[in-house]
Amino acid sequence: MNEQLEQILSHYQDENREIANVDEPQCSLVLFKVADKCFAFYGSHIKEILADRPVSWVPGCPPSLEGVINHRGRVESVISINSLIEAPASESVGKRSILMGRGQKMQSGIRVDKLVDVLDVAESQIHSATDHLSAAMQKVVVGIVPVGHEYYALLDLNLIFERYLETRGYDSLS
Amino acid sequence: MTPSLNLAVVRITLGALRFYIPAAQVQRCALVEYETPDIPRFSHWLGLPDEPEQGLHLHLWVPASQVSEGWYFWGELENVTLQASEIFPLPELMQQCSMLPALRALVKDNSFRPLLSW
């Protein structure tokens, strides 16, 4: 045993070693497009992503309530949120998706034109929603997320449902 | 063994639309012989466009609806029995946004159809 070496190493034993967590808090986002505009929901609000499927129309509902689907033994509504996010009505081409969203009080399918990605981003990458947004958008957008060369408006699902019920599914501008 | 739950209903067909009402709530249905102007059309009461004048012209009485004079409609009326597995509760958004009076549940046949109940 080399005493000198042991002495040197013993200094390290006394050191109160703290491991600094350098990982930033992350969150998962579901990125999608509606009428070529970029949006995102928190991944924690989206239970499932379904391929587009036939939706049963039910009379007496607002046009944005497209109908219902049977999903895992439950009947779920499917809505379009175009009017809430100031996107023109979708002239559907290509593969659309249904995001099964679960908020604090309710859940529903939300039809989107294109699912872009599901990815984890550092919370610091989510910028606060700007004042440049219209009054209607400020009610539902909680952040802006740059991904690649595009900016995604982060929507709060609970605010979307709240706003939907306020307008009772009719165009908020009308 | 628990007997399977089922519900006796009347199925009303108005053109391409179908509605269900619990049979216990339907008092009577008769062919229209003389049309009276003060009796509402079922589709108008539901807030829907006129159904095509096809099938039978019927007069339906459902006292629970508080529409004492009943409604006229064109179409069909059948007695059917629904299994519990064919009846679904309304999704929350539909519960709050539907304009259909007395919409209480959905019935799965070849699509999902409104079940009206008072």
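Which two residues touch the most other members of the largest nonpolar core? Let's start there. Before I answer, remember that this is a predicted model. The two are A:Ala40 and A:Leu155, in a core of 61 residues. And if you want to know which element gives the most to that core, it's strand 1 of chain A, residues 26-34, with five residues.

Stay on A:Ala40 for a second. Skip the neighbours within four places in sequence, and A:Ala40 is in contact with A:Leu29, A:Val30 and A:Leu31, then A:Val145, and then A:Tyr152, A:Leu154 and A:Leu155. So the two residues I opened with are in contact with each other, as that list has A:Leu155 in it.

OK, zooming out to chain A. We've got three helices and 10 strands. Going along the sequence, the pattern reads α-β-β-β-β-β-β-β-β-α-β-β-α. Of the 174 residues in chain A, 29% are buried. And if you take contacts between residues at least 6 apart in sequence, 58% of them join residues at least 24 apart.

Now the sheet. There's an open sheet of five strands in chain A, with the order 8-1-2-10-9 and mixed pairing. Which strands are at the edges? Strand 8, residues 114-122, and strand 9, each pairing on one side only. From one strand to the next, the twist averages 30 degrees.

Let me walk you through the strand 9 end. Strand 9 of chain A, residues 141-147, pairs with strand 10, residues 150-155, in the antiparallel sense, over six bridges. Two of the pairs to click on: A:Val141 has A:Leu155 as its bridge partner, and A:Ile144 has A:Ala153. Yes, that's A:Leu155 again, one of the two core residues from the start. Strands 9 and 10 make a hairpin with two residues between them, and in the turn A:Gly148 has a positive phi of about 60 degrees.

Next up, helix 3 of chain A, residues 157-167. The buried residues here are A:Leu157, A:Ile160, A:Phe161 and A:Tyr164. Look down the axis of helix 3 and those buried residues fall within an arc of 95 degrees, so they line one face of the helix. What do they pack against? On the chain A side, strand 2 (37-42), strand 5 (74-79), strand 6 (97-102) and strand 10, and from chain B, helix 2. Just after helix 3 comes A:Arg168, with a positive phi of about 50 degrees.

That helix from chain B takes us to the interface. Here 20 residues of chain B are in contact with 19 residues of chain A. On the chain B side, the elements giving two or more residues are helix 2 (92-97), strand 7 (103-108) and strand 8 (112-116). Helix 2 of chain B has the largest share, five residues. By residue type, that side of chain B divides into 14 nonpolar, four polar and two charged.

One last residue, for contrast with the core. Is A:Ala135 buried or exposed? A:Ala135 sits in helix 2 of chain A, residues 135-138. With 6 C-beta neighbours inside 10 Å, A:Ala135 counts as exposed, because the cut-off for that is 12 or fewer. And if you want a distance from there, A:Ala135 and A:Ser64 are 21 Å apart, C-alpha to C-alpha, with 71 residues separating them in sequence.

That's my tour; happy to rotate the view if anyone wants another look.

Technical notes:
Residues are numbered from 1 along each chain as its sequence is written. Chains are lettered from A and ligands numbered from 1 in the order in which they are written. This is a predicted model: local features need pLDDT of at least 70, side-chain atom pairs count only at pLDDT 80 or more; totals for chains, interfaces and linings use all residues. A nonpolar core is a set of buried Ala, Val, Leu, Ile, Met, Phe, Trp, Tyr and Cys residues joined through C-beta atoms within 7 Å. A residue is buried if 20 or more other C-beta atoms lie within 10 Å of its own, exposed if 12 or fewer, and partly exposed in between; C-beta atoms are placed from the backbone. Helices (H or I, at least four residues) and strands (E, at least two) are DSSP runs, numbered from the N terminus. Two residues are in contact if their C-beta atoms, placed from the backbone, lie within 7 Å. Ala, Val, Leu, Ile, Met, Phe, Trp, Tyr, Cys and Pro count as nonpolar, Asp, Glu, Lys and Arg as charged, and the others, Gly among them, as polar. Two strands pair if DSSP finds at least two bridges between them. The arc is that of the directions from the helix axis to the C-beta atoms. Axes are lines fitted to C-alpha atoms, for helices over the stretch in contact, and angles run from 0 to 180 degrees between N-to-C directions.
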